[in-house]
Amino acid sequence: MKIAVLPGDGIGTEIVAEAVKVLKVLELPLEMENALVGGAAYEAHGHPLPETTLKLAKESDAILFGAVGDWKYDKLDRPLRPEQAILGLRKNLGLFANFRPAICYEQLVGASSLKPELIAGLDILIIRELTGDIYFGQPRGRRTAVDGHFPGAEEAFDTMRYSKPEIERIAHVAFQAARKRNKKVTSVDKANVLETFQFWKDVVTEVHAQYPDVELQHMYVDNAAMQLVKAPKAFDVVVTGNMFGDILSDEASMLTGSIGMLPSASLNSSNQGLYEPSHGSAPDIAGKGIANPLATILSAAMMLRFSLNQEAAALRIETAVQKVLQQGLRTADIFSEGTTKVSTVQMGDAVVKALG
Ligand code: IPM
Ligand code: MG
């Protein structure tokens, strides 16, 4: 089983090191190879996603990814910015199905900004389409406006688009995931305004006919953003496009109060996957040894489950994470009175120990 390890920028290197440490003690036949990505790759090779990194990713069964980005690259031309690395990996490997669970850990109920009763026991799954929508729409660019409010003015544009097969395949992923959970899918759109999302709604409804055992609800994105803070537990699986999914998954993750705890998986049709924490590169705390490695460690567990078919090992990691939380160990982001503050490395060591 070959794993491409791409730590990236900021806290990426620190948190990925802890996940690798955990993977190494599992005694599985894992071959891990590191490569540069994002700003780190730009510094070394002049490109955020060098050919060698892309090749390694393509050849691997799974990719363990840290995070990319730093404000210092904001001035670079768009194709050279660190974020292009993750977008390039998604596109080149066809990683269209993004799983972003938002789970509230019992021990961390107090970390949420919402009332405990609203989020205790929260377990929702956002499924975000990841290779289409306005993120990859063509045409895009800048030009002189020929119409609109200011003809003759300079303008910029990106196009939102989805093809039927793209919507169909993510809808299938969502209905199948719901079957293994509480059998409810909320499809989020903006069909009241956008043609792309009327089409989305129509196609999801059509696919739903094959899943009569799963309940389907449609919701406008603005309402979904509101319902997520009003009654998050009313959701089970949420399926939506790339842009809305980006926004709603950040919102959902923070409901749990601890974005540092949430893993994610991005899969293609042959179950090859990229696994990364839901949070970003956090350049403000990079190098301080205080980042929470648990989201990345839990991403490694997802990797074992989804791409490497190692359910037992995945469960072992997840149980160990529960254990360290029960022991009261907390990195700074989830620390509260009465718990023990630990560093990134100490947290990784504790998980290794808790593996038994
Ligand atoms: C995410 C991130 C990325 C996205 C950025 C870094 C390109 O925000 O994975 O949610 O917008 O998809
Ligand atoms: Mg995002």
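Student: Where does Asp 133 lie, and how do you know where a strand begins and ends?

Tutor: Asp 133 lies in the loop between β5 and β6. Strands are DSSP runs of E with at least two residues, helices are runs of H or I with at least four, and both are numbered from the N terminus. The model is predicted, so local features need pLDDT of at least 70 and side-chain atom pairs count only at pLDDT 80 or more, while totals for chains, interfaces and linings use all residues. Residues are numbered from 1 along each chain as its sequence is written, chains are lettered from A and ligands numbered from 1 in the order in which they are written, and side-chain values use heavy atoms, with hydrogens and water left out.

Student: What is the sign of phi at Asp 133, and is the residue buried or exposed?

Tutor: Asp 133 is not a glycine, yet its phi is positive, about 70°. Buried means under 20% relative accessible area, exposed means over 50%, and partly exposed is in between (1.4 Å probe, protein chains only). Asp 133 has 1% relative accessibility and therefore counts as buried.

Student: Why is Ala 282 called partly exposed?

Tutor: The relative accessible area of Ala 282 is 23%, so the residue is partly exposed. Ala 282 also has a positive phi, about 40°, without being a glycine. It lies in the loop between β12 (273-277) and α10 (294-306).

Student: Which peptide bond is cis?

Tutor: The bond from Gln 138 to Pro 139, with omega near 0°. Pro 139 is in the loop between β5 and β6 (140-144).

Student: What makes β4 and β5 a pair of strands?

Tutor: Two strands pair if DSSP finds at least two bridges between them. β4 (residues 97-103) and β5 (residues 123-129) have seven bridges, in the antiparallel sense. Ala 97 stands opposite Glu 129 in β5. β4 also pairs with β11 (residues 263-267), again antiparallel, over three bridges, and Phe 99 stands opposite Ala 265 there. Of the seven residues of β4, six are buried.

Student: How do you know that the length of α1 agrees with the expected span?

Tutor: The expected span is 1.5 Å times one less than the number of residues. For the 13 residues of α1 (residues 12-24) that gives 18 Å, and the end C-alpha atoms are 18 Å apart, which agrees. The buried residues of α1 include Ile 15, Ala 19, Val 22 and Leu 23. An α-helix has 3.6 residues a turn, so residues three or four places apart point the same way.

Student: Why is the contact of Lys 2 with Glu 59 called a salt bridge?

Tutor: A salt bridge is a side-chain nitrogen of Lys or Arg within 4 Å of a carboxyl oxygen of Asp or Glu. In this pair the closest N and O atoms are 3.6 Å apart, and the definition is therefore met. Lys 2 lies in β1 (residues 2-8) and Glu 59 in α3 (residues 51-59), so the pair ties together parts 57 residues apart in sequence. Lys 2 is buried, at 17%, whereas Glu 59 is partly exposed, at 43%.

Student: What is the distance in the salt bridge of Asp 246 with Arg 128?

Tutor: The closest N and O atoms of that pair are 3.7 Å apart. Asp 246 is in α9 (residues 242-255) and Arg 128 in β5, 118 residues apart. Arg 128 is buried, with a relative accessible area of 1%, whereas Asp 246 is partly exposed, at 24%.

Student: How many salt bridges does the structure hold?

Tutor: The structure holds 16 salt bridges.
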